[in-house]
Structure formats: structure tokens, C-alpha cells
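Colleague: Before I take this model to the bench, could we go through how its descriptions were reached?
Modeller: Gladly; let us have it in front of us and take the claims in turn.

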Amino acid sequence: MSGKAIIEILGGLANVVIVLIVAPFFEGVLRKLTARIQSRQGPPLWQPYYDLLKLLGKEDIESGESPPMQRFAVYLSFAAIMTVACLVPFGSHAPANGIGDVLVLIYLLTLCGIATMLAGLAAGSTYSLIGMNREMMSLITLEPLLVVAMVIGAIHVHSFRLDQVLAGSVYAAAGFPWSGLIMLGVMLISFQAFVQRVPFDIAEAETEIMEGPLMEYSGPKLALFKYVQMAKLVIYSALFVALFIPWGHTGLYPLDVLIHLAKCLVMVLGVTWVAATHARYRMDQAIRYYALLVGISVIALGMAVYGY
Amino acid sequence: MPAHKIIERLKDQFGVAIQRADLPGNGRLFVFVDSAALKSICRFVFRDLDARYVTSIGSDDRPYSDSFLVAHHFAFDRTGLLCSLLTHLTGNPPKVDSISKEVPAANWAEREFRDLLGIEPVGHPYPKRLVLPDGWPEGKHPLRKDVAWNFVPEGYDEDREFAFDEPPEGCMVIPFGPFHPTLDEPAHFRLYVEGEMVRGCEYRGFMAHRGIEKLGESVLTYNEIPMAAERICGICGCVHNVAYAQAVEQAAAIKPPPRAEFIRTIMLELERLHSHLLWVGLACHIVGFDTLFMQSFRIREPLMWMAEKISGNRKTYALCLIGGVRWDFTAELKAELQQVLLKVEQEWRAVVEAVAGDRNLQKRTLGIGVTSPELVKNVGLIGPVARAAGVDIDCRRDHPYAAYDRVEFKVITGTGGDVWSRLLVRAQEVFESIRIIRQCLEKMPEGPLQLQLPDELPIGRMGMSSVEAPRGEAHHFVITGENNRPRRWRVRAPTYQNLQGIPAMIKDQQLADMTISLGSIDPCFSCTDRMEIVDIRSGKTTVYTQEELREMARRKVL
């Protein structure tokens with residue numbers, strides 16, 4: 001194996017470790033800040049670590065319709081999101097170029113959503129099926145936004161390579177980067193939906209469909225799903241930062257990691273604030289909202305093709 | 001329309017079918033009618049005289065008059081009159097013409113006396129079992145006088161399942177309940193869903209029917225019942241406590257001292273305050289807006305502490321006895337209550353201003369769970385649900401009790417009839433409640449708390465009382481009896497009527513709106529009847545049956 005490949009693999013693994021360590025902390029920040037907005041004391045910042053440890057140590061009850069598929073769904077989901085972690089840049093440029101390109105990244109993110117749908121299907125109850133249905137609808141309407149953002153970057157830099165696209169490529173237009181700025185706006189106001197928090201936590205809405213696809217999970221598998229949700233928050237933030245706010249790197253790897261994570265934290269704070277001040281949308285309302293954004297992003301794509 | 005005018009019109013229309021009319025004064029009218037004409041009289045009162053349906057009551061009167069008794073209660077809200085149409089039934093088995101086709105609101109009440117007393121409502125459009133469990137054998141009726149309060153019939157099958165109706169064609173069935181995160185108590189809705197649209201539903205409730213009425217009629221005494229009545233509801237218990245005491249007082253022609261009336265008014269309004277704040281919190285939680293949920297609970301908490309300071313309890317104030325109240329307000333309590341009200345008012349004003357223009361919250365509540373004034377009339381909807389639909393009814397003003405005739409307040413109404421206007425109505429009622437309490441604190445006269453009562457209350461008298469609970473009108477009916485307890489005590493909680501409006505409210509709207517539509521009537525079901533205990537040391541899980549629990553409760557071990 002060549003030296004380059006080893007460095008790529010090590011870089012990817014470093015990313016996985018960063019995500020695994022940081023994700024519960026970000027969740028902790030989110031919870032604490034939410035509590036503060038709600039005039040509560042809130043749990044300690046490291047509470048999510050305890051929660052995960054507690055769930056991991058609990059009895060695993062397989063009560064759904066099809067336990068093998070439930071098992072498969074949760075491992076698939078966790079594996080997919082961790083592979084995504086290898087591909088996304090944290091501090092330095094995207095580490096694992098050899099594994100795949102931007103298209104693989106998009107497939108893997110979609111796979112994550114499909115794993116949730118499988119989980120809902122495996123649980124087999126009416127509520128989890130509704131949750132699955134909703135997950136599918138939001139996947140179909142939401143995913144194009146991210147695709148368009150990355151494809152616009154790819155058009156500008158004439159490459160699907162991860163390290164080139166995930167480095168502020170959306171602004172690399174020949175002319176004034178109109179398409180990049182439009183996509184910045186679109187992604188900013190749809191970010192809440194990508195990380196599936198209120199008002200877009202529709203597929204899991206506890207007070208409507210009782211956590212939908214997750215309803216039959218318990219113990220370690222529930223812990224993994226919770227971990228995936230937390231990791232999604234970090235990874236989507238990292239993706240957003242890499243695509244749209246790439247500036248401020250020093251060249252010193254550990255420092256750059258911290259800078260990158262600080263930018264991600266700002267995204268998380270924004271997510272928290274929106275989640276604490278909104279009521280949940282209904283599926284049809286959310287779909288109409290996404291559809292409008294898809295329309296706008298297609299216009300941006302057109303502009304990118306003509307060099308803006 | 002004044003009472004004598006109503007009697008006149010009834011006599012004109014029905015002649016000898018009107019057997020007797022009692023007008024015991026202060027806004028009550030009892031009309032005894034011929035059972036054959038009952039149905040047409042009810043239609044006339046409900047449609048032509050435009051009275052509001054309150055409830056229907058069955059009673060086993062055989063030990064006293066050799067007959068069963070059925071009463072349909074109507075309210076003339078504009079003239080402050082509660083009217084009871086009574087008839088004696090001599091047949092065996094007793095039968096009475098059902099009025100549910102003319103008065104749809106009577107649907108449940110008629111099924112209830114069919115279950116509990118075996119009085120058959122002939123021609124009922126949907127004579128399915130309502131209250132009794134499904135394994136209960138036919139022909140046994142627990143509210144009859146020859147049945148003991150702890151009677152369990154032979155062949156009672158505790159585990160028999162409920163037989164559901166066939167869903168309409170092309171619809172999927174989605175079970176909602178008996179346990180669901182947004183249902184605080186067990187109740188089961190079977191929703192018929194087409195895609196994401198709800199096309200209809202079947203309801204099965206009464207899963208924890210506790211037989212409190214039977215207990216009151218056969219075990220407890222006049223002054224013990226208020227404490228049992230308070231436990232009918234965990235949120236608006238004081239309402240039932242006061243309503244029962246007033247019904248007995250009214251039957252026995254007792255008037256409690258003025259200071260007691262003011263204290264009752266203050267506690268009822270304190271209860272409305274905490275209940276409305278609780279509701280706003282829960283409603284916001286249902287639509288995923290947890291920040292307002294937390295904030296309204298924070299604002300509510302000092303009210304609970306205040307209630308504890310006044311009565312010794314956050315809830316269950318144990319306020320009333322017949323002819324008065326059990327405890328007093330000191331000067332310090334008054335001063336502190338003023339302080340708490342001031343703080344709650346300020347904080348709530350800030351919340352209401354923030355919410356009033358909230359487009360995001362409107363998205364989930366505007367035009368959802370709509371009720372029209374026609375539905376309100378037909379199903380007998382009450383309280384904020386009726387007022388939000390523009391129907392201006394409020395027992396505090398229409399049938400004044402306690403000290404409500406001595407304070408000023410506005411009856412808040414809305415126009416939309418949807419969840420949003422119910423939210424606004426409740427939010428504004430908080431300010432009116434604060435106003436009422438302030439006036440009461442100011443005007444409360446000195447004097448005794450409790451009347452000296454004669455040894456025995458008169459026997460065979462009837463009394464009815466309507467109290468405006470936070471959820472709507474709670475109605476109590478009492479026939480006084482021997483052995484220091486009532487012969488018949490009937491409670492109709494507000495949710496009893498409001499729940500019957502749910503099928504119409506959720507029809508043809510999205511499944512996601514079901515929870516908030518149901519939540520918007522502020523439903524109040526009942527308590528649990530079974531529990532699970534986990535031994536932490538051994539990790540062993542034991543599920544106790546109802547039988548074992550009852551046994552343990554008697555031995556007081558756990």
C-alpha cells in the first residue's frame with residue numbers, strides 16, 4: 001500500500017474519531033442552550049455521553065415485526081454516516097479522496113435516510129410506517145438541494161473530487177458567484193430540515209407518531225440511532241462549513257480542526273435557536289416549503305452553468 | 001324567556017301531557033311530563049324554544065315510587081334558567097323514547113342509562129355499549145338500587161375485547177390510544193384514514209370508570225361526597241366539589257354565608273388560572289413548541305404554591321362542605337395572593353403579546369378542528385370550545401352561583417371556532433380570572449364560613465347546579481335521600497359533551513392535526529386501573545392485576 005493511501009485512511013479515521021467525540025458534546029450544547037431559552041437549568045453538557053453509555057448497557061429488546069431487518073437498518077445507518085465522516089473535511093482538505101467523490105458522498109447520505117426507512121418498515125407498526133412515509137417524502141424533496149449545491153461547486157471547479165468541491169467551490173465562478181450566494185441562502189434556511197430538528201422533525205414527531213421509525217428500538221440499537229442523529233448534526237454542519245464558509249485556515253492541522261469545529265458550533269447554536277422558537281410543521285406544509293427551495297436552487301444551477 | 005312563560009307554552013302545546021311543574025325559585029324549573037310525550041316535548045324545547053341541551057339522567061326510583069325516572073336537562077342561558085324534564089317509567093323492562101335523533105347531544109347520556117340502569121332508549125341511532133366493560137354480562141345494571149356497590153356479576157370476563165365497527169371502504173385503520181404520549185389518560189380512538197386524511201373514527205372510553213356516583217348513593221354521606229367528588233378530576237376537582245355542594249344546598253334550600261361564597265369563587269378562579277396555563281403548555285407541546293410549554297409551566301408554578309399555602313395542597317383543595325367552606329383566608333394570604341397575581345399577569349401579558357402574532361404557531365392551529373355554531377348546538381359543546389365558535393355562553397354569567405353575581409367580568413368569545421381561537425379565548429380568560437379574584441379579595445365580607453345545619457336534610461328534593469369549569473360547564477344533579485346521603489347523584493363533566501364533538505372536528509383533516517384537535521378541547525378522561533412494579537434489586541418485573549392491587553390497597557402494603 002502506498003504512503004499516500006495510508007495517510008488518506010488515517011485522515012479518514014481521524015475524522016471518525018473527531019465526530020464520535022464531538023457529536024454528543026454538540027448535542028449537550030444544544031440541550032443546555034434550549035433549556036436556557038426555556039428558563040430551565042438544563043442537563044450538564046456531558047449528559048448525552050451518559051445517555052449513550054446508559055443505553056448501550058441496557059437490555060436489547062427486539063420487539064418489531066422483523067428483528068433481522070431492524071438490526072441491519074441500524075448498522076447500515078451507523079456505517080453510512082461514519083463513512084460520510086471519512087469523506088468530509090474537518091480542518092484540512094477532504095482526507096479520503098481515494099475512497100470516492102462527491103457523488104459517493106451524496107449516495108451515502110441518501111443511504112442514511114434509506115436506513116431510517118428500513119427501520120420503520122421493520123418495526124411494522126402503523127405509526128412507524130407513517131414515519132417511514134414521511135421520511136421518504138422529505139428525502140425525495142430535500143436531497144436535491146444538497147445535490148445542486150455540490151454540483152454547482154463541481155461545475156465551477158470542473159471536478160467531482162472531494163478536496164476540490166468541499167473547499168468553498170461554490171464561490172469559484174468565473175463571474176460574480178451569484179449561484180453560490182443563492183445556494184448559501186437556500187441551504188441556510190433548509191439546514192434545520194437536513195438535521196431533522198423542530199420544526200422539521202416530522203418523521204419522528206414524538207407527540208404525533210411516537211418517534212415513528214424508532215419506536216421499536218431499545219438499548220444499544222437505540223443508542224446507535226441516537227448517535228447517528230447527533231453525528232448528522234456535526235457532519236451536515238461540517239459539510240455546510242466546507243462548502244460555504246471555507247475561510248480562516250492557518251495551515252496548522254490541530255488549530256484548523258478547532259477553527260472548523262468552532263464554525264460548526266455556530267451552526268449548532270443557530271439550529272438550537274430555531275428549534276426552540278418554532279412549532280412543528282405538518283408534512284404537507286414542509287413539502288411545499290422544500291418544493292419552493294428546490295425551484296430556486298434549479299435557477300441557481302442554471303446560472304452556474306453560464307459561469308455565474 | 002321567563003319560567004312561567006315556558007310552562008305556558010308547554011301547556012298550550014302539549015296540554016295534559018304536562019303533569020306538574022315545580023318552580024323552586026332562583027332559576028330552576030322541574031317539569032314532570034307524560035313519558036309518551038317526552039320525545040316531542042324535548043324536540044319542542046330544544047328546537048322551538050332554542051334551549052341548550054345539558055344532560056340526561058336515569059334513576060332507579062322503584063323503592064319510592066315503584067318506577068324508574070328519566071330526566072332530560074336543558075338550559076335557557078339568556079334567562080338564567082336550568083330546566084329539567086322528568087318522567088316516570090313503570091314498564092318492566094323500563095323503556096323510553098330516545099331523543100338522540102332530535103337532540104344528537106343526548107347520544108352518550110342515553111347509552112349511559114341504558115348500560116347502568118337498564119332503561120332502554122327506544123329508537124336510539126347507535127345503541128352500542130358505552131360505559132360498562134365489554135365482558136360484563138347483559139342484564140346486570142350496577143346503578144340499580146338492588147345492586148350492591150361492590151357487585152361483580154357471575155361470568156364477568158375481564159379480558160373480553162371490544163368489538164369494533166367495520167371501517168368504511170378504502171380506509172386504513174390507525175389506532176390512537178388507549179395509550180399515546182399526548183393522551184394523559186386512557187381512551188381509544190380508532191381512526192379511519194385515507195392517505196393522510198381522517199375520514200371518521202370510533203371512540204371507546206370509560207376504561208377506568210370508577211363508579212363514584214354509586215359510591216355516593218350507597219356508601220358515603222353528604223359531607224364525605226365533596227371529597228370524593230373532588231377526585232373526579234385531577235385538574236378541575238374543585239369544580240366538582242363546589243358543584244356537588246351547591247346542588248345539595250339548592251335541593252335543601254340552604255344558602256351558604258357570603259364569605260364562604262367569595263372563598264369558593266376565589267378558589268374556582270385560581271383553579272381556572274392554573275388549568276388554562278397548563279393547557280396552553282400542553283397544546284404547545286403537542287405541536288412541538290416546547291419553549292412556550294416550559295414558560296407557561298414556569299408562570300403557573302407560583303399559583304400552585306399559592307394554592308398549597310391556602311389549602312394545604314397544590315391540587316384537591318378539600319374546600320366545601322354542605323352549607324359552607326372548610327377554611328378561611330387570612331390577611332397575609334390575601335396580600336401574598338395579590339403579589340402572585342401581579343406577577344402572573346405581567347408574565348402572561350408578555351407571553352400573549354409574543355404569541356398573538358406568531359405566524360408559525362398559526363400554521364398549525366388556524367382553521368384546524370373547526371366547530372360551527374350549529375355543531376355547538378347539536379352536540380351540546382360548552383366552555384372555551386363553544387365560546388371560540390362565537391357561542392356566547394358562560395355559566396358564571398348565565399346561571400350565577402357562589403359570588404359571581406357580585407363581581408364584574410367579561411365573557412371572552414372568538415369567531416373562528418378553530419384551535420387558534422380556542423387558544424386566544426383561554427389566553428384572555430386568564431386575565432378575567434385575575435380580575436375576578438382581585439374583586440373578590442376586595443369585596444369579601446367578614447362573617448361565618450359555615451351554616452349551622454338542621455339534623456337532617458329534607459328528603460326527596462331535587463337540586464341541580466352548573467359550574468363553569470375551565471373546560472366548560474360541569475353539571476351536578478342530586479335527589480336528596482335517607483341515611484344522610486343522596487338517593488341519586490349524577491355528574492356530567494364538561495369533557496363528556498365536548499368529546500362527542502371530536503368526530504366532527506377531525507373529519508376530513510390531516511392525521512397530523514388529530515392530536516392538537518383533540519388536545520384543544522382540553523380533554524380530561526380518568527385514572528389508571530393497573531400498574532407495573534419493577535424490583536430494582538433483582539430486576540424482576542411483576543405486573544399486578546386489578547384484583548391483587550385491590551387486595552394490596554386494603555392491606556396497605558406495597
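**Reasoning through the two chains**

Modeller: Read along the sequence, chain A runs α-α-α-α-α-α-α-α-α-α-α, which amounts to 11 helices and zero strands; please keep in mind that this is a predicted model.

Colleague: What makes chain A as compact as a globular protein of that length?

Modeller: The globule rule, 2.2 Å times the number of residues to the power 0.38, gives 19 Å for 308 residues, and the radius of gyration of chain A is 19 Å, close to that value, so chain A is as compact as a globular protein of that length. Along the principal axes, its C-alpha atoms fill a box of roughly 55 × 45 × 40 Å.

Colleague: What percentage of the residues of chain A count as buried?

Modeller: A residue is buried if 20 or more other C-beta atoms lie within 10 Å of its own, and 48% of the 308 residues of chain A count as buried.

Colleague: How do you know that helix 1 of chain B has a span close to the expected one?

Modeller: Helix 1, residues 3–14, has 12 residues, and the expected span is 1.5 Å times one less than that number; this comes to 16 Å, and the helix reaches 16 Å from its first C-alpha to its last. Just after helix 1 of chain B, B:Gly15 takes a positive phi of about 55 degrees.

Colleague: How many residues does each chain bring to the contact?

Modeller: Chain B brings 22 residues and chain A brings 22 residues, and helix 9 of chain B gives the most to the side of chain B that touches chain A, with five residues.

Terms used: Residues numbered from 1 in each chain as written. Chains lettered and ligands numbered in written order. Predicted model: local features only at pLDDT ≥ 70, side-chain atom pairs only at ≥ 80, totals over all residues. Contact = placed C-beta atoms within 7 Å. Helix = DSSP H or I, 4+ residues; strand = E, 2+ residues; numbered from the N terminus. Buried ≥ 20, exposed ≤ 12 C-beta atoms within 10 Å, placed from the backbone.
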